[in-house]
Structures are given as structure tokens and as C-alpha cells.
Amino acid sequence: MPFYHRPPADRGPLRPLPDQTGAPVSPLPSTPGARATGPVPATAAAGAPGGEAGTVGYAVVDLETTGLSPTTDAIIEIGLVLTDAQGRPEHHWSTLIDPGADTAVGPTRIHGLVAEDLIGAPALGQVADLLVRELAGRAVVAHNARFDLGFLTQALGGLGLLRRGARVPRVCTMEWSRHFMDTPSRRLTACCQAAGVAIDRHHSALDDAMAAAGLLRHYLAVGARRGEPPAWGRALEDARGFTGWTWDEDRADQARRLLVERRRPGALRDPQHS
């Protein structure tokens, strides 16, 4: 995964929003199977700073891919951790993704996956509605967000689930690392070591997403000790009002039954995949 040295693009303290009525937002359609658009309210954290933007939760995502180019390579694993506005985990899932019979899995030495591992996994289009529904209304967090969001924007836009030209509200734990701690490197493993965050199997999508979620909590805790609101306030404001997502409720519900997690070391392979 490449590393891009540039200042955080989501810098800026939280600013009061025009709508401070506290009225719930309910963008989901009442008609089964209808397509939903717009923000979904994430769990509110009591006492979170910055008005309603301070109640926006996070969707921490990590992807394993067949290569480095969003236009020519494919996603083969998704790890997702949803948190509240204070970074406390609420829900998580992961799945392998079948990129298609004509697509090689890419650098096995990095992500540890071979073609056999992807047998029986869903195609991205089969789980994309679920993924989009989970991302909606939240700031999307990743370690090197330019990489992961580049793939998500390309893939989900191609499926018609992200409005053309929309910029997904994001927080990059790599870009913010040196604002909150001393670290000789901005790589995920180095940042986790500096922050005291456990990381299990690096380059397993769910483990890396869990680690990035741990970094997010660390940053929020450091900011709280400093008496500061989240430094990426603009991203939270953008997430609260973001209307670029589109998904189908029925397809999102059905996708949960299709998820296929990566096998843990020592786990027995399903005989039908042997």
C-alpha cells in the first residue's frame, strides 16, 4: 500500500450547523425494495462537542486488493468497523470478494490470499448495497484513506451507488498520526506500536480495520485530554449532510447472508471448497 505525504485534507474544528433542532433524520424509504439516498444518523454520543456534527459516527474500512490501481485492479477483501462519535465499536463485519474468474489475486505475499480462498465469496456487486448503507451518515476512516477511498469511489461509483463526482467525507489515520503522537513512521504497524494499539494479522482487512479504529480512539482521547473537539470537524459536518450514496434496502438485507470471512490460521476448509 503506497504512502502519500501531504497534510490532512479534513482539517478544521467543528462549526455550528444551521439545523440545530435535533429533529431525527429518516432517509430510509418505507416502501420495501425502494432505493434510499442521503445520510443515515449514526449513534449519538452524549456530550460530544460541536453540535449535531459532534454526534456523527465513523465507518472504519480496510481493503485488500489485487494491486495499487483503482482503475485496473480489484477489491478482494473488505473489513468494516462501525463506531459511535467517541470511537467506541458498535458493529463489524468482513468478507472476501470474488473479483471474477479472469482476475488474478495479485500479491499473495502481502495480503496472504490465493485464488482458492475466494471460491464461494460474493462479487462486490452482491454486497455493495450493504456496504453503502453502513457507510451512509458516517465519516469514513482508513489508514491511508487516499488508497482505500480511491478503490471505493471507483468501484461503488461504477455500480451506480455513489453519485458521480461526490467526495466521500473521510478521516485518514495515517495523515493525522503525527498530530497526535511521536512516530518514526506513518505505517499502520508503526502507528499502532506508538499508540499502544494491538494489531493481529497485518494485511487482513478486518484486523487492519480494527487497528485503524484503535488509532481513531487514541486520537480522540488525546484530543479530549487537550480539551479539543475532533480536529477533522469539516469531515464530520460533510458526513452529516452527505447525500451522495444510493442503495437498495432489500439487496442490503440479503447481502448479510452472503458474507464470507477469511479463514483463520488452522481453520478447517469447507469440504465443498476443497
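Start by selecting Ile78: setting aside neighbours within four places in sequence, its contacts (heavy atoms within 4.5 Å) include Val61, Leu63, Trp93, Ile97, Leu124, Leu131 and Ala205. This is a predicted model, in which local features need pLDDT of at least 70 and side-chain atom pairs count only at pLDDT 80 or more, while totals for chains, interfaces and linings use all residues. Residues are numbered from 1 along each chain as its sequence is written, and side-chain values use heavy atoms, leaving out hydrogens and water.

Next, colour the largest nonpolar core (buried Ala, Val, Leu, Ile, Met, Phe, Trp, Tyr and Cys residues joined through side-chain atoms within 4.5 Å). It has 37 residues, and Ile78 is among those with the most contacts inside it, along with Ile75, Leu135, Leu152, Leu156 and Trp245. Elements giving two or more residues to this core include strand 3 (75-83), helix 2 (124-135) and helix 3 (145-158). Then pick Val141, Leu188, Leu216 and Leu236, which belong to a second, separate core of 30 residues.

Now show strand 2 (58-65), remembering that strands are DSSP runs of at least two E residues, numbered from the N terminus. Is strand 2 enclosed or open? 8 of its 8 residues are buried (under 20% relative accessible area, 1.4 Å probe, protein chains only), so the rest of the structure largely encloses it. Tyr58, Val60, Asp62 and Glu64 point one way, and Ala59, Val61, Leu63 and Thr65 the other.

Finally, bring in the partners of strand 2; pairing requires at least two DSSP bridges. With strand 3 the pairing is antiparallel over 8 bridges, and Ala59 stands opposite Leu82. With strand 5 it is parallel over 3 bridges, where Val60 has Val141 as its bridge partner.

How values were computed. Buried means under 20% relative accessible area, exposed over 50%, partly exposed in between (1.4 Å probe, protein chains only). Helices (H or I, at least four residues) and strands (E, at least two) are DSSP runs, numbered from the N terminus.
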